[in-house]
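Here is a short tour for a newcomer. Look at the sequence and the model first, then read on.

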Amino acid sequence: ISAMDESLGRHPHVECFNRRGMMKIWIGQFDEAIADFKKALALDSNSVFLYLGLGNAQSAKGLHLDADQAFSKALDLDPKNPRVYICRGYHRQIQRRLDEAEADFSKAIELDSTSAEAYFDRGAVRAKLRRFKEAIDDYSRALKLKPQLAAGYYNRGNAKLAIDQNEEAIDDYTEAMNLEENHSQAYTNRGVAKAKLGKPGAEDDFTKAIERDPKNAIAHFSLGNVKLLRNLPKEALSHYSDALKANPRYPDAWFARGQVYHSQDQLDLALTDFKSVVDLNPRHAEALANIGDIMKTKEKLDEGIDYCTKAIDLDSRLPEPVLNRAIMREVKGNLDGAESDYRKAVELYPPGSQRERAQQGLVSVQAARPFFQGISLIREQQFSQAIEKFKKVTEILPETEQAGIAAYHIAHCHALLKDKN
């Protein structure tokens, strides 16, 4: 840049402005790069590459409409230039205009079928569109044209991992690491693939990833998961915390740490973490369900019911918030709502202790209704009707404490009837 400054000080020259503009893009001086390309275009308004450089600088600066105009001007000058389509495609990809980006990369390939970059970039777009098999094909073509492309192996591995081609993904990550020894994320994702297959070496890969990049949040998170599976919650908490130091906007790490705190009855810490999840992702149903559970434990029933309801509205297949809402509704005397929730929880839970708990809750609510009706009838001195209600309780819950209390009320009603007669 200093050499260009000196040359331009002596004589304004298009090529010097162009080169200095490109260098300033590389070092992040986008405003100065834009100024250089505009100065060059004032000297030569028919240069495709000057408009291309201007578009790249404006795109990097976030001036998307200006960049669109610059790329369009470049294509007006040379509609068969594959490089312009690649740059505009990348610009559109950044803006999540994925269909348009794919069309640009496809046009670049049509104009130059030997462009590894165009195949690679189209593969990246197709992966974002979740068309992973097509993405794998594009990455494979890019690698055939450029076998030393470490990013090609890494991205192809990611696409394979997404469709559970885990063995093949491991091979691609290994190849990426052979080409780029310090590829921290390749170690991370190879560890993920190994963990999915239950193969040894996942923990070692996560550790190596962290050695190469101590701020690799995904590696810390994944290593935390491994430690938790090995019943080492203290070490898991440490790695989840390291993941959050590296990336405070990582909802999975907040949620995982919150679950560990919750399991240890550190409710205030768990509540903070689950609320952090919801701040980042208000539609995280499981975090909302966990907050509801904590509120139930803290006997903040109205708040607990509210959080459970939000969780159920987002994912009606989750049984835990349904059961918790049933329990809280029962405590608050909303027997109809509680009965409905208990029935739903019985449907949602697989056979086991939680389903049995929901069934017991359902029976308890069904018994509570005639019990409270019986109490009301005693107050109204309708003792014969009250006796019938309490008998229902003993039929629904035989040989239980509740049945004993109901039997006492039956005896009491008989005594009151005798007095009355």
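## Helix 14: start and end

At the start of helix 14, asparagine 216 makes a polar contact. One of its side-chain oxygens comes to within 3.3 Å of the backbone nitrogen of isoleucine 218. This is a predicted model, and every value here is computed from it.

Helix 14 covers residues 217–229, 13 residues in total. From its first C-alpha to its last it reaches 19 Å. That is close to the 18 Å expected at 1.5 Å a residue. After the helix comes asparagine 231, with a positive phi near 60°.

## Helix 14: packing

Which residues of helix 14 are buried? They are Ala217, Ala219, His220, Phe221, Ser222, Leu223, Gly224, Val226 and Lys227. These buried residues pack against four helices: helix 12 (184–197), helix 13 (202–212), helix 15 (233–246) and helix 16 (251–263).

One of the buried residues, lysine 227, also takes part in a salt bridge. Its partner is glutamate 203, and the closest N and O atoms are 2.7 Å apart. The pair links distant parts of the chain, with glutamate 203 in helix 13 and lysine 227 in helix 14, 24 residues apart. Lysine 227 has 10% relative accessibility, so it counts as buried. Glutamate 203 has a relative accessible area of 24%, so it is partly exposed.

## Helix 2

Helix 2 holds residues 14–26, which makes 13 residues. At 1.5 Å a residue they should span 18 Å. The end C-alpha atoms are 19 Å apart, which agrees.

Its buried residues are Cys16, Phe17, Asn18, Arg20, Gly21, Lys24 and Ile25. Just after helix 2 sits glycine 28, with a positive phi of about 85°.

## Salt bridges

How many salt bridges does a search of the whole structure find? The search finds 40. One of them joins aspartate 138 to arginine 126, with the closest N and O atoms 3.1 Å apart. This pair also links distant parts of the chain: aspartate 138 is in helix 9 (residues 132–145), arginine 126 is in helix 8 (residues 116–128), and 12 residues separate them. Is aspartate 138 buried or exposed? Its relative accessibility is 1%, so it counts as buried. Arginine 126 is buried too, with a relative accessible area of 12%.

Another salt bridge lies within one helix. Lysine 344 and glutamate 347 meet through their side chains, 3.9 Å from N to O. Both lie in helix 21 (residues 335–348), three residues apart, about one turn of the helix. Lysine 344 counts as partly exposed, at 36% relative accessibility. Glutamate 347 is exposed, with a relative accessible area of 58%. Elsewhere, salt bridges that share partners join Asp68, Arg88, Arg92, Arg97, Glu100 and Asp104 into one network.

## Cysteines

How many disulfides does a search of the whole structure find? The result is zero. Two cysteines can be placed by their accessibility. Cysteine 87 has a relative accessible area of 8%, under the 20% limit, so it is buried. Cysteine 413 is buried as well, with a relative accessible area of 0%. Cys16 in helix 2 is also among the buried residues.

Technical notes
Residues are numbered from 1 along each chain as its sequence is written. This is a predicted model: local features need pLDDT of at least 70, side-chain atom pairs count only at pLDDT 80 or more; totals for chains, interfaces and linings use all residues. Side-chain values use heavy atoms; hydrogens and water are left out. Helices (H or I, at least four residues) and strands (E, at least two) are DSSP runs, numbered from the N terminus. The expected span of a helix is 1.5 Å times one less than its number of residues. Buried means under 20% relative accessible area, exposed over 50%, partly exposed in between (1.4 Å probe, protein chains only). Contact means heavy atoms within 4.5 Å. A polar contact is a pair of N or O atoms within 3.5 Å; within protein, one must be able to donate a hydrogen and the other to accept it, and residues adjacent in sequence count only if both atoms are side-chain atoms. A disulfide is a pair of cysteine sulfur atoms within 2.5 Å. A salt bridge is a side-chain nitrogen of Lys or Arg within 4 Å of a carboxyl oxygen of Asp or Glu.
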